[in-house]
Amino acid sequence: MQLELRHLQAVCRIAEVGSLGGAARRLGVSQPALSAQLRRIERVTGGELFVRGRSGVEPTALGQFVLAKARRVLSEMDALGAEARALATGTPLRLGCILLVLLDGLLAETDLSMSGQEITVDLEDSVTALARMLGAGRYDAIVYGEVNDHEVPLPAGTVARTLIPKEPFCIRLSAGHPLAGLDRIDLADLAGESWMTLVEDDDGGPEALVAACAKAGFVPSLRYRITDRKMHYDLIAAGRAISLSQPTAPQVPGTVMRPLAGAPVTGRIRLAWNRSAVSAGQAELLYRAAARAYLANVDNHAFHKDWWDAHPELHPALE
C-alpha cells in the first residue's frame, strides 16, 4: 500500500481531535473503518503512530515525525490548489457574510484591494449555514461574528483568523427614551422593555442576551425579529423596541446608542477561508479589506472611539 493524501488527512485529524471516535465523525467514516485504516498506515510507516494517554490518543515519537511531514505535504497541496485557482481566468472568489456593520465598506474595500480578482458576495442570516457552505465549497471565504464565549465550529480544510477580538455591544433606543440622556446604561434598568432580537440566532447572541438579562434579574421580552434595517430603526425611534447593537453601527435620526455598564455582551469578528481555494496572499488582502472597513466606522460614536483608543491590543494588524 502507498500512502495517499486521505491517509495523511486521517493521521492529522486523529491528532487534532485526540480520539479515533471524534476523528471518525469529522471524516465521515465509522470508527472501526478508521481503526483499520490506521493499522494499514502504521504498517507502511513501520510502527505505532498513536498511544492512549490521559486525555485521549497521543502521537508517539514516530507519530510526531509523520505528522510534521503530513502537515507539510497537505499545506503544499492546499497552496497548489489555491494558487492555481487564483491564476485561472474567469474564476471569481466567492465570499459569504452575515449582516455586519462593516459589510457595506467591505464590498468597496475588496474592489479596491483585489483589483483583477472578481469577487461575488452573498449575505446569509445563519452563521451555521455560512460554515456549512464553506465546507461544501459554496463559499471560498466567509466573514462572521461570534458573541461572548460562543465558537462557531468550522469544517476541515479551513483556516480562521480573528479580525476584531472584542467589541462591547451597546443599546440602541429611542432618542425620547427616559434613559437616553445617560452616558451609560445598566442592563437591569431595561427590564420590561420590548427587545429587537438579533438577526443571527446561532452566533451565541440570543443566549448571551438572555444570560446577561438573567444575571441582571429579569427575562427579556424578545418581541421583534426584523431584518429590514429601516423598519428596525423606525420601530426603535418610535419607542416600541430597543436592541443590542454593534458599537460601530451608524447614527440614525430619532435613536441614540449608549454603552452598557460592565459590557455584559461582547462580540468578535472573524474571517475564515478554504485553504484549497484561497491563497495566503488572497487571505491577507481579504483580512486587510475587512479591517479597513471596520476601522472606517470606529468613530461613529464618541464613546466607542474612546474605548477603542484605550484598547490598542485589540486593533487589527495592518503593518
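Biologist: Which residues of α9 are buried?

Modeller: In this predicted model, the buried residues of α9 are Gln282, Ala283, Leu286, Tyr287, Ala289, Ala290, Ala291, Ala293 and Tyr294. Each is called buried because its relative accessible area falls under 20%.

Biologist: What makes the span of helix α9 agree with the expected value?

Modeller: Helix α9 covers residues 280-295, and at 1.5 Å a residue its 16 residues should span 22 Å. The end C-alpha atoms of α9 are 22 Å apart, so the two values agree. Helix α1 (residues 5-17) can be treated in a similar way: its 13 residues reach 18 Å from the first C-alpha to the last, close to the 18 Å expected.

Biologist: Which residues of α1 are buried, and what phi does glycine 18 take just after α1?

Modeller: The buried residues in α1 are His7, Leu8, Ala10, Val11, Cys12, Arg13 and Ile14. Glycine 18, just after α1, takes a positive phi of about 85°.

Biologist: Why is the pair formed by tyrosine 294 and tryptophan 308 called tilted?

Modeller: The ring centres of tyrosine 294 and tryptophan 308 are 5.6 Å apart, and the planes stand at 50°. Rings pair if their centres lie within 6.5 Å, and planes under 30 degrees apart would be stacked, over 60 edge-to-face. An angle of 50° fits neither of those classes, so the pair is tilted. The count by this rule comes to 1 aromatic pair.

Biologist: What parts of the chain does the pair link?

Modeller: The pair links distant parts of the chain, with tyrosine 294 in helix α9 and tryptophan 308 in helix α10, 14 residues apart. Both tyrosine 294 and tryptophan 308 are buried.

Biologist: Why is histidine 304 assigned as buried or exposed?

Modeller: Histidine 304 has a relative accessible area of 1%. The cut-off for burial is under 20%, so histidine 304 is buried. Histidine 304 is found in helix α10 (residues 302-309), and touches Pro168, Pro247, Thr248, Tyr294 and Val298, residues up to four places away in sequence not being counted.

Biologist: What makes arginine 161 lie over the face of tyrosine 287?

Modeller: Arginine 161 is at 3.5 Å from the ring centre of tyrosine 287. A charge sits over a ring if CZ of Arg is within 6 Å of the ring centre and within 35 degrees of the ring normal; the value of 3.5 Å satisfies the distance condition, and arginine 161 is assigned over the face.

Biologist: What is the strand order of the sheet that contains β12, and why are β4 and β6 placed where they are in that sheet?

Modeller: The sheet is open, with 5 strands in the order β4-β3-β5-β12-β6 and mixed pairing. β4 (119-123) and β6 (158-168) each have a single partner strand, so one side of each is left without a neighbour and they stand at the edges. The twist averages 20° from one strand to the next. Helix α6 (residues 127-135) packs on this sheet, touching β3 (93-97), β5, β6 and β12, and its direction makes about 145° with that of β5.

Biologist: How do you know that strand β5 and strand β12 pair?

Modeller: Two strands pair if at least two bridges are found between them. Strand β5 (residues 141-147) and strand β12 (residues 266-274) have 7 bridges, in the antiparallel sense. Isoleucine 142 stands opposite alanine 272 in β12, and the bridge partner of valine 143 is leucine 271. β6 and β12 also meet the condition, with 8 antiparallel bridges; threonine 162 has arginine 270 of β12 as its bridge partner.

Biologist: What makes β12 mostly covered?

Modeller: In β12, 9 of its 9 residues are buried. In a regular strand the side chains alternate between the two faces of the sheet. On one side of β12, Thr266, Arg268, Arg270, Ala272 and Asn274 are buried, and on the other Gly267, Ile269, Leu271 and Trp273, which leaves both faces covered.

Biologist: Why is alanine 129 assigned as buried or exposed?

Modeller: Alanine 129 has a relative accessible area of 11%. That value is under 20%, so alanine 129 is buried. Alanine 129 lies in helix α6.

Key:
Residues numbered from 1 in each chain as written. Predicted model: local features only at pLDDT ≥ 70, side-chain atom pairs only at ≥ 80, totals over all residues. Heavy atoms only, no water. Helix = DSSP H or I, 4+ residues; strand = E, 2+ residues; numbered from the N terminus. Expected span 1.5 Å × (residues − 1). Buried < 20%, exposed > 50% of the residue type's maximum accessible area, 1.4 Å probe, protein only. Contact = heavy atoms within 4.5 Å. Axes fitted to C-alpha atoms, helices over the stretch in contact; angles between N-to-C directions. Phe/Tyr/Trp six-rings, centres within 6.5 Å; stacked < 30°, edge-to-face > 60°.
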